[in-house]
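Trainee: Pick one part of this protein and walk me through it closely, please. I'd like to see how it sits among its neighbours, and then how that fits with the rest of the chain.

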Amino acid sequence: MTVYFIGAGPGAADLLTVRADRLIRNARVVMYAGSIVPESVLESTPDDCELINTARMPLDSIMETISSYHDKGIDVLRLQSGDPSVYSALAEQVRRLTELGIDYEVVPGVPAFAAAAATLGHELTVPTVGQTVILTRVSGRASKMPAGEDLDTLGKSGATLVIHLAAHDAQRVSDELAPNYGTDCPVAVVAYASRDNEQVVRTTVGKLPQDIAAAEITRTAVIIVGPVLSATQFPDSFLYSDDRPRDDHGRTIPCVH
């Protein structure tokens, strides 16, 4: 028996990976995280598949349910939004499965920040403008942030920030980013990326609180901050340079210093 942690992506059913889709179409038991996994993602499950909404289930109850299927030798699919590597509460589930001796496998999915960038039509790493992307969040009910991972500290890097789980706290985000990015730094908020009810707000650090409030966005959104969002003047990537040394297969030949 195996528990498959499947990244269900940002919401659009056609953004599931081929592997995820195959597993879902042959599933006997699917545990999904409530409304953050759209019904369209569940539509391809077999008619006799047992669907279990875990939105209101404590973790211990989830593990007890998984254990019961383990005893029966039935695989369980655990659908989680986005990609399991980011803010999926995977670590605590895996810890318990390991203690119980239950096998598991992780199936990656399209993360929310990638879907948001696609909606915006932006690359988040632009030559000479921004080559670092930081995925982060703010302290809240879920858990406290470790020391040194607050927005003010991270903002000192000047990197592109992708802030999750913070749409409800836009004033705080604005206040903490302004000293490092300035109030005119571009911001893009993407809610429900890839879904039918997707929303996009383009604003600045200073205007973020009022604009996000006007759009009535309070959840299921990422806030992207950084100069890359408005960059228009920058050199072409070295990838396309005629000066890039290539081998016979077009691969870059490493420079030897």
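Mentor: Let's start with L135, which is partly exposed, its relative accessible area being 32%. Keep in mind that this is a predicted model. L135 belongs to strand 6, which covers residues 133–137. Together with Y87 and L165, L135 makes up a nonpolar surface patch of about 270 Å². The 32% matters there, because a residue needs over 30% relative accessible area to be counted in a patch.

Now step over to the next strand. Strand 6 is joined to strand 7 by five bridges, and the two run parallel. One pairing to look for is I134, which stands opposite L161 in strand 7. On its other partner, strand 7 is joined by four bridges to strand 10 (residues 221–225), and that pair runs antiparallel. L161 turns up here too: its bridge partner in strand 10 is V225. So much for the pairing; strand 7 itself is the part I'd zoom in on.

How much of strand 7 is buried? Five of its five residues are, so the strand is largely enclosed by the rest of the structure. If you look at the side chains, T160, V162 and H164 point one way, while L161 and I163 point the other way, and all are buried.

H164 is worth a stop. H164 sits in strand 7, which spans residues 160–164. With a relative accessibility of 9%, H164 counts as buried, because the cut-off is under 20%. Leaving out neighbours within four places in sequence, H164 touches V86, Y87, L135, T136, R137, V138, A221 and V222. Notice the names you've met already: L135 is among those contacts and lies in strand 6, and Y87 is also in contact with H164 while helping to make the nonpolar surface patch. That puts a buried histidine in contact with two of the patch residues, Y87 and L135.

From L161 you can move on to Y181. Y181 lies in helix 7 (residues 170–181) and is buried, with a relative accessible area of 12%. Again setting aside neighbours within four places in sequence, Y181 is in contact with L154, G155, G158, A159, L161, V205 and V225. Two of those, L161 and V225, are bridge partners across strands 7 and 10. Y181 also has a polar side to its story: a polar atom of its side chain lies 2.6 Å from the backbone oxygen of A159.

The same tyrosine gives you a route to a salt bridge. The C-alpha atoms of Y181 and D152 are 9.8 Å apart, with their positions 29 residues apart along the chain. D152 and K156 meet through their side chains in a salt bridge, 2.9 Å from N to O. D152 counts as partly exposed at 27% relative accessibility, whereas K156, at 56%, counts as exposed.

Helix 7 has charged residues to show you as well. R172 forms a salt bridge with D169, and their closest N and O atoms are 3.3 Å apart. R172 is partly exposed, at 27% relative accessible area. E176 joins in, too: D169, R172 and E176 are linked in a network of salt bridges.

The structure holds five salt bridges. One of them pairs D60 with R96, the closest N and O atoms lying 3.7 Å apart. That pair links distant parts of the chain, with D60 in helix 3 (residues 59–72) and R96 in helix 4 (residues 90–100), 36 residues apart. Both ends are partly exposed: D60 has a relative accessible area of 47%, and R96 comes in at 24%.

Finally, zoom right out. The protein has eight helices and ten strands, and its C-alpha trace spans about 60 × 55 × 35 Å along the principal axes. Of its 257 residues, 43% are buried. The accessible surface comes to about 14,100 Å², with 49% of it belonging to carbon and sulfur atoms. As for how the chain comes together, take the contacts between residues at least 6 apart in sequence: 67% of them join residues at least 24 apart. With that backdrop, go back to strand 7 and follow it from strand 6 on one pairing to strand 10 on the other.

Conventions:
Residues are numbered from 1 along each chain as its sequence is written. This is a predicted model: local features need pLDDT of at least 70, side-chain atom pairs count only at pLDDT 80 or more; totals for chains, interfaces and linings use all residues. Side-chain values use heavy atoms; hydrogens and water are left out. A salt bridge is a side-chain nitrogen of Lys or Arg within 4 Å of a carboxyl oxygen of Asp or Glu. Buried means under 20% relative accessible area, exposed over 50%, partly exposed in between (1.4 Å probe, protein chains only). Patches are made of residues with over 30% relative accessible area and no salt bridge: like charges are joined within 9 Å, nonpolar side chains (Val, Leu, Ile, Met, Phe, Trp, Tyr) within 5 Å. Accessible areas come from the Shrake-Rupley method with a 1.4 Å probe; for residues, only the protein chains shown count as cover. Contact means heavy atoms within 4.5 Å. A polar contact is a pair of N or O atoms within 3.5 Å; within protein, one must be able to donate a hydrogen and the other to accept it, and residues adjacent in sequence count only if both atoms are side-chain atoms. Two strands pair if DSSP finds at least two bridges between them.
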